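Student: I should like to go through this structure term by term and ask what justifies each description.

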Amino acid sequence: MDLQKYLEMYLSDGREHVAALREALEGGSAPGAEEVRELFRHAHSLKGMAASMNFEATSRLAHSLETILGVWRDGADPAPPAIEASLRAVDMLDDLMDVVQAEMKDEGLSSRVDEVIIQLEAALPEEASAEKPAGPAPGTGETPPAATEPSDASQEPDKETAKLTVTIEPGSPLPAARLLVVAQHLEAEFGPCPMAPSLAEVQQRALRSVVFRVPAGPGIKEAARALRELPEVEETELEMPGAPSPAPEKPGVVQSVRIRAAALDDLLAGSSELLYHLNRLEAELSPAEQQEHHFWLERHRALLNRHFDHILSIRLLPFDILGQRLARTVRELSSRTGKPLKFEMTGADQRLDRTLLERLLDPLTHLIRNAADHGIESPSARKSAGKPEEGTIALTVQREGEALLVSIGDDGRGLDENAIREAAVKRELLTDAQSKKLPRAKILELITLPAFSTRREVTDISGRGVGLDVVRAAVEALGGYLEMDSVQGQGTLFTLVVPSAVTLTSILVFGWDRWTRYGLPTSQVRRIYALAAHPLVRVGPRLCIQHDNGLIPVLGFRPRPVGREGFALSLDTPSGERALLVSRVFQSERVVILPWGAPLDMVPYWIGGALLSTGEISYIMDSRALLRIDPAEEENVLETV
């Protein structure tokens with residue numbers, strides 16, 4: 001059998017099992033009886049799937065994990081060392097999935113798998129270890145048996161058994177494997193359940209439906225309902241002994257389908273193009289025609305917007321998928337550094353575009369390594385400083401307008417500003433006089449230069465500064481930027497500010513000449529002031545716009561001088577209200593903001609581009625990024641306005 005065509009299904013289902021195992025084991029407390037039974041089912045299914053695909057190392061490890069979960073299921077208390085060993089096994093299963101995805105085999109990690117299996121066996125209670133049946137020694141290459149093939153249900157049935165018919169969806173490429181998973185779930189719950197036809201016959205004749213004989217206990221109805229939630233199970237029909245039970249409502253021929261990401265990208269691009277053509281059609285109509293067809297235009301715009309948002313929501317995944325991997329990284333670093341570390345995450349339910357999630361993994365991993373290796377002090381140093389011996393690494397995910405803010409903070413020693421200045425002078429990046437005049441924010445940015453570090457020693461994990469140039473480059477490649485803040489002795493905070501990827505947004509279109517169009521999300525714009533009616537005044541070194549007896553500081557960003565006929569856009573920024581001077585304001589419209597490719601994605605204050613109804617391209621800006629540009633300090637600024 002050619003297993004390559006089933007690899008995608010194996011990886012998809014396998015990662016779901018691994019994620020479920022990790023989520024339950026990371027709960028902070030010992031899993032309860034029901035959770036343990038569910039954990040056992042996941043490990044049992046994963047073992048059978050790996051064995052059917054000939055992934056020997058994965059099958060052995062899942063078998064060992066299943067053993068310790070079986071001990072818990074039989075009444076043993078899950079001790080902390082056993083939970084920790086189980087988590088290491090889950091992490092290794094995740095690594096094996098990565099290896100299989102890259103190499104289509106799982107042989108490269110056999111020695112590490114053996115180490116984890118030994119740790120699992122050492123965590124077994126003594127009585128369980130003594131009773132554990134002899135199996136293949138780690139590394140022997142012998143594969144433990146997958147699920148024993150269920151016996152034939154056509155043999156004399158027990159009068160106390162129920163008849164459970166399970167049918168697999170017509171489109172399933174591997175119905176025998178799906179029915180094996182069903183058999184494993186039933187075996188984990190009720191013990192061996194006879195099955196007819198046999199699994200060999202199902203595979204030989206490509207059958208989709210079998211009958212199981214299961215104990216007619218109180219849990220059988222719930223089990224039948226649970227089986228319908230398994231991938232590609234179309235229907236389950238339960239017939240109790242004596243009188244047939246009413247057949248459960250059929251959920252439909254196909255409950256779910258898998259869609260390739262590229263197909264969703266095409267749908268999204270098509271929706272964007274339809275919206276553009278609708279805007280273009282409206283722009284070509286005369287005012288009278290627009291009024292006449294207003295209802296039709298708005299109805300179709302609403303339908304397209306809803307269609308676009310629905311496709312976009314399908315592409316989105318919860319950030320927790322990435323958060324689980326980062327939590328695992330913290331656990332590994334805690335073990336390697338000998339520092340007790342706690343990982344906290346806020347905003348795990350935020351949903352992000354799949355591509356953005358993948359591209360955030362590397363920079364966030366770099367930041368966590370820096371925090372664990374250099375940011376967090378040793379337990380003795382923390383105790384001397386009056387801190388808890390356990391260090392904290394906190395991840396926060398939040399949205400601010402059209403931007404996504406992902407922060408990694410620690411409660412460690414913080415950055416030494418003076419040490420950074422001295423290192424910069426020593427490397428001749430700055431003179432001593434320049435270093436003393438440089439603002440604190442610019443001093444902190446020096447640590448993102450390639451190979452810049454204040455450390456005298458280098459470890460195999462990281463050094464503060466080692467890898468931060470990679471973080472900055474990765475964030476800028478996403479059209480974003482890196483913000484830093486640190487208090488010596490209290491900790492450091494890094495914030496990745498990136499566009500939320502493809503979005504449908506209302507923008508205000510403006511410019512500094514009659515040709516080039518720029519845009520800002522209207523959610524960031526408070527008001528528009530005409531410079532002819534609101535004078536500009538200088539307050540100290542800052543230029544401000546006067547309105548209603550109040551003053552708004554003016555941002556220094558202006559590609560061209562702005563005349564008295566220009567406008568001031570009042571913007572919401574993290575530092576309060578700021579004004580952006582522009583020459584022209586054109587229109588506002590709802591557009592699809594798409595991220596730029598190279599090299600335009602390196603421009604720090606552009607979050608993407610959009611196609612306007614006029615056929616022109618608008619460069620979409622971000623008020624938070626504009627704030628980072630130093631305000632203009634030219635002496636003759638009033639003359640240039």
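Student: Which three strands form an open sheet in the order that begins with S15, and in which sense do they pair?

Tutor: In this predicted model, the order is S15-S16-S17, and the pairing is antiparallel.

Student: Why are S15 and S17 said to stand at the edges?

Tutor: Strand S15 (536–539) and strand S17 (550–553) each have a single partner strand, so one side of each is left without a neighbour in the sheet. From one strand to the next, the twist averages 45 degrees.

Student: How do you know that S15 and S16 pair?

Tutor: Two strands pair if DSSP finds at least two bridges between them. Four bridges join S15 to strand S16 (residues 542–547), so the criterion of at least two is met. The two strands run antiparallel, and Val537 has Cys544 in S16 as its bridge partner.

Student: What is the strand order in the open sheet that contains S14, and which strands are its edge strands?

Tutor: Three strands form that open sheet in the order S14-S18-S19, with antiparallel pairing. Strand S14 (525–530) and strand S19 (576–582) are the edge strands, since each pairs on one side only. The twist in this sheet averages 25 degrees from one strand to the next.

Student: How many bridges support the pairing of S18 with S19?

Tutor: Strand S18 (residues 567–573) pairs with S19 over seven bridges, in the antiparallel sense. One of the facing positions is Leu569, which stands opposite Leu580 in S19.

Student: What makes S2 and S3 a pair?

Tutor: Two bridges join S2 to S3, and the requirement is at least two, so the strands count as paired. They run antiparallel, with Ala196 opposite Val211 in S3. S3 (residues 209–215) is also joined to strand S1 (residues 161–168), by seven bridges and again in the antiparallel sense. There, Thr167 stands opposite Ser209 in S3.

Student: Ala196 also precedes a proline. What is the peptide bond from Ala196 to Pro197, cis or trans?

Tutor: That bond is cis, with omega near -5 degrees. Pro197 lies in the loop between strand S2 (195–196) and helix H8 (199–205).

Student: In which sense does S22 run relative to S13, and in which relative to S21?

Tutor: Three bridges join strand S13 (residues 517–521) to strand S22 (residues 617–621), and these run parallel. Gly519 stands opposite Ile620 in S22. Strand S21 (residues 606–611), by contrast, runs antiparallel to S22 and is joined to it by five bridges. The bridge partner of Trp606 is Met621 in S22.

Student: What is the phi of Gly615 in the hairpin of S21 and S22?

Tutor: The phi of Gly615 is positive, near 90 degrees, and the hairpin has five residues between the strands.

Student: Turning to the helices, why is H4 called roughly antiparallel to H5?

Tutor: The axes of helix H4 (residues 80–103) and helix H5 (residues 110–122) cross at roughly 160 degrees and come within 9 Å. Angles over 145 degrees count as roughly antiparallel, and therefore H4 is described as roughly antiparallel to H5. The crossing of H4 past H5 is left-handed.

Student: Which residues bring the two helices into contact?

Tutor: From H4 they are Ala85, Ser86, Arg88, Ala89, Met92, Asp95 and Leu96; from H5 they are Arg112, Val113, Val116, Gln119 and Leu120. By class, this contact has seven nonpolar, two polar and three charged residues.

Student: What is notable about the phi of Met104, and where does that residue lie?

Tutor: The phi of Met104 is near 65 degrees, a positive value in a residue other than glycine. Met104 lies in the loop between H4 and H5.

Student: Why is Met104 called partly exposed, while Glu428 is called exposed?

Tutor: Exposed means over 50% relative accessible area, buried means under 20%, and partly exposed is in between. Met104 has a relative accessible area of 40%, so it is partly exposed. Glu428 has a relative accessible area of 71%, so it is exposed. Glu428 too has a positive phi, near 65 degrees, and lies in the loop between helix H16 (417–426) and helix H17 (432–437).

Conventions
Residues are numbered from 1 along each chain as its sequence is written. This is a predicted model: local features need pLDDT of at least 70, side-chain atom pairs count only at pLDDT 80 or more; totals for chains, interfaces and linings use all residues. Side-chain values use heavy atoms; hydrogens and water are left out. Axes are lines fitted to C-alpha atoms, for helices over the stretch in contact, and angles run from 0 to 180 degrees between N-to-C directions. Angles under 35 degrees count as roughly parallel, over 145 as roughly antiparallel, 65 to 115 as roughly perpendicular and the rest as oblique. A crossing is left-handed if the near helix is turned anticlockwise from the far one by less than a right angle, and right-handed if clockwise. Contact means heavy atoms within 4.5 Å. Ala, Val, Leu, Ile, Met, Phe, Trp, Tyr, Cys and Pro count as nonpolar, Asp, Glu, Lys and Arg as charged, and the others, Gly among them, as polar. Buried means under 20% relative accessible area, exposed over 50%, partly exposed in between (1.4 Å probe, protein chains only).
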